[in-house]
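Trainee: I've got a model open and would like to talk it through. Could you take my questions one at a time?

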Amino acid sequence: MISESPSLFVWSLSEPRPAGIESFLDHHANAMTPYGSGKSALRDGLAGLVEPGENVLIPAYLPDAVCEPFQELGLEIRYYRLEETLAPNLADVERRLDDETAAVMSVNYFGFPQPGLEEFTALLEEYDCYHIDDNAHAPLSVDNGTLLGTRGDLGITSLWKILPIPNGSVLYCNTDAVADALEPSSLAGVSETFRLSDYQFIAKSFALDLLNKSTVVRQSVDTLVAGHSSVSPDPSARYEASKTTMSKLSARVIEKANPDSIRASRRANYRAWLRLFDHRSDVDVLFESLPNGLCPQVFPVRTPNPAQLLDTLEQAGVGGAHTWPRLSSTVENDPTYELSSRLASEVVVLPVHQHIDPTSIDVVGEQLH
Ligand SMILES: Cc1ncc(COP(=O)(O)O)c(C=O)c1O
C-alpha cells in the first residue's frame, strides 16, 4: 500500500544523516523564525506591518482556514481570481487593490513556483503593498537558486507537510524592514520540553506503520490516538488548535533530516506518477515538467470524475489521495469564483513522499492498465 505521509520510523532507521534542513534553510534565507503552524507565522509576520481596517488580497483557491490570521489582525479579506494555470488573474487583482491594501499573497502551489509571478510583483510594486510568499507546500523547493518563500517581503513554509512531524513551520522575513518590525508572539520558537502531543504523534505513527494495510483500521487508530473523531470542520477552531510553538520532536527531526535525499526521492516519485498518467486522456497533469531544484509536495492532477479516480487509486492500494482544498464558504458561495470551486472539486493530489519506493508507483500503473 502507498501511504499518504512519510513515516517517523522509516525516518529514524535511515542512516547516515548529514547536516539537516535547518542549516539548508538558513543558508538561503535572510531571517527565519520557527512556529508551530504557517498560519501563526503569517499572523506574527504581518502584525507589525498592518493596521486593522486595511485589506489583504489572497487567492480564492486556498484552504478555508488560511484567512483566519488575517481576520484576527482586523484585516478585510479580498479573494482574487486565478487563471486555469493557477496564475493570478491580474485584471481581477488590480480591480481589488486600493489605497487601503496592506498586503497581497501569492501561493507556490504543490511545490511549484507561483505561475505569472513577474507581472504580479510588478503590479504590487505600483501599489506599494507588502507581498507575502505563501510557500506552505514547498519547504525545500529552490527555483533558479532562490528558495521558495523568500521572494516576497515575507514568506512562510510548513515543514510538517513534507516531514513526519506533529507540527512545524517557518516565517521568513525577507527584508530588514520586515525583520525589524517583527515582534514574535508566544507562538514563536521551539517548545523546551516534549509535549503530550509529541508522544501521541509517536504512538500514532507507530500504530499507522503497523496497521497501514486497512483504511478502516487507520481511521480508528486516528480516533484512538489523537483523542478526537476527526479534524474540526470549523476553520477558526482549526486555527485556534494550530496556535502552538514548534514542538521539540519536530525541531529534532528538522535538524537531522537530509534535504537533498528528501528532494531526490520526492522527485523520483513525481516522475513515476508522470509516467503513469502520461497517456491517460481522462486525467490532466497540472505540472508536466519538474524543473531542477523543485521538491514537490504532492502530484496534482485534474479530472472531471474525481470520485472514480479516487476509487481506482484506493483499489490499487494508494492511500491518502484526495481533492484539494476545502474552500472558504465565501468563495464556494460566490459565482465570481466559479473556477476556484471547480478546481477544488476536480484537482486530486497523490502522495510523492520520501518513503514511497517509485517501483511501487510503477506497480500501481500496471494494475491500472
Ligand atoms: C496554501 C496554504 N497556505 C497556508 C497554509 C497554512 O499552513 P499551516 O497548516 O502550517 O498553518 C496551508 C495549509 O494547508 C496551505 O495549503
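What follows is a chat about a sheet, its helices, some charged pairs and a few backbone oddities.

Mentor: Before we start, this is a predicted model, so keep in mind that local features need pLDDT of at least 70, side-chain atom pairs count only at pLDDT 80 or more, and totals for chains, interfaces and linings use all residues. Residues are numbered from 1 along each chain as its sequence is written, and side-chain values use heavy atoms, with hydrogens and water left out.

Trainee: In what order do the four strands of the open sheet come?

Mentor: Helices (H or I, at least four residues) and strands (E, at least two) are DSSP runs, numbered from the N terminus. Two strands pair if DSSP finds at least two bridges between them. Here the pairing is antiparallel, and the order is S10-S11-S13-S12.

Trainee: Which strands stand at the edges, and why is one side of each left without a neighbour?

Mentor: Each edge strand has a single partner strand, so one of its sides has no neighbour in the sheet. The two in question are S10 (284-285) and S12 (322-323).

Trainee: Which residue in S11 does aspartate 284 stand opposite?

Mentor: S10 and S11 (residues 298-302) run antiparallel and are joined by two bridges. Across from aspartate 284 you'll find arginine 302.

Trainee: What angle does the direction of helix H12 make with that of S11?

Mentor: H12 (residues 259-277) packs on the sheet, touching S10, S11 and S13 (347-351). Axes are lines fitted to C-alpha atoms, for helices over the stretch in contact, and angles run from 0 to 180 degrees between N-to-C directions. On that basis, H12 against S11 comes out at about 25°.

Trainee: And what is the angle for helix H15 with S11?

Mentor: H15 (residues 338-346) packs on the sheet as well, touching S11, S12 and S13. Its direction and that of S11 make about 115°.

Trainee: Which residues in H15 are buried?

Mentor: Buried means under 20% relative accessible area, exposed over 50%, and partly exposed in between (1.4 Å probe, protein chains only). The buried residues of H15 pack against S11, helix H13 (306-315), S12, helix H14 (329-332) and S13. They are Leu339, Ser340, Leu343, Ala344 and Glu346.

Trainee: How far is arginine 267 from the nearest side chain of opposite charge?

Mentor: Arginine 267 lies in helix H12. Setting aside neighbours within four places in sequence, its contacts (heavy atoms within 4.5 Å) include Leu290, Asn292 and Pro296. It is buried yet has no salt bridge (a side-chain nitrogen of Lys or Arg within 4 Å of a carboxyl oxygen of Asp or Glu). With Lys and Arg counted as positive, Asp and Glu as negative, and His and the chain ends not counted, the nearest opposite charge is aspartate 143, at 9.6 Å.

Trainee: How many salt bridges does the structure hold?

Mentor: Side chains of opposite charge can pair when their charged atoms come close. One such pair is arginine 43 with aspartate 44, whose closest N and O atoms are 3.1 Å apart. The structure's total is 18.

Trainee: How many residues apart are aspartate 64 and arginine 326?

Mentor: These two form a salt bridge, with closest N and O atoms 4.0 Å apart. Aspartate 64 sits in the loop between S2 (55-59) and H4 (68-72), and arginine 326 in the loop between S12 and H14. Aspartate 64 is buried at 7%, while arginine 326 is partly exposed at 43%. The separation along the chain is 262 residues.

Trainee: Which side chain meets arginine 302 in a salt bridge?

Mentor: Arginine 302 counts as buried because its relative accessibility is 14%. Its partner is in the loop between S3 (76-80) and H5 (90-96), so the pair ties together parts 218 residues apart in sequence. The N to O distance is 2.6 Å, and the partner is glutamate 84.

Trainee: What is omega for the cis peptide bond between tryptophan 324 and proline 325?

Mentor: Most residues other than glycine have a negative phi, and most peptide bonds are trans. Proline 325 is in the loop between S12 and H14. The cis bond that joins tryptophan 324 to proline 325 has an omega of about -10°.

Trainee: Is aspartate 128 buried or exposed?

Mentor: Aspartate 128 is in the loop between H6 (117-127) and S5 (130-135), and its phi is positive, about 55°, although it is not a glycine. At 69% relative accessibility, aspartate 128 counts as exposed.
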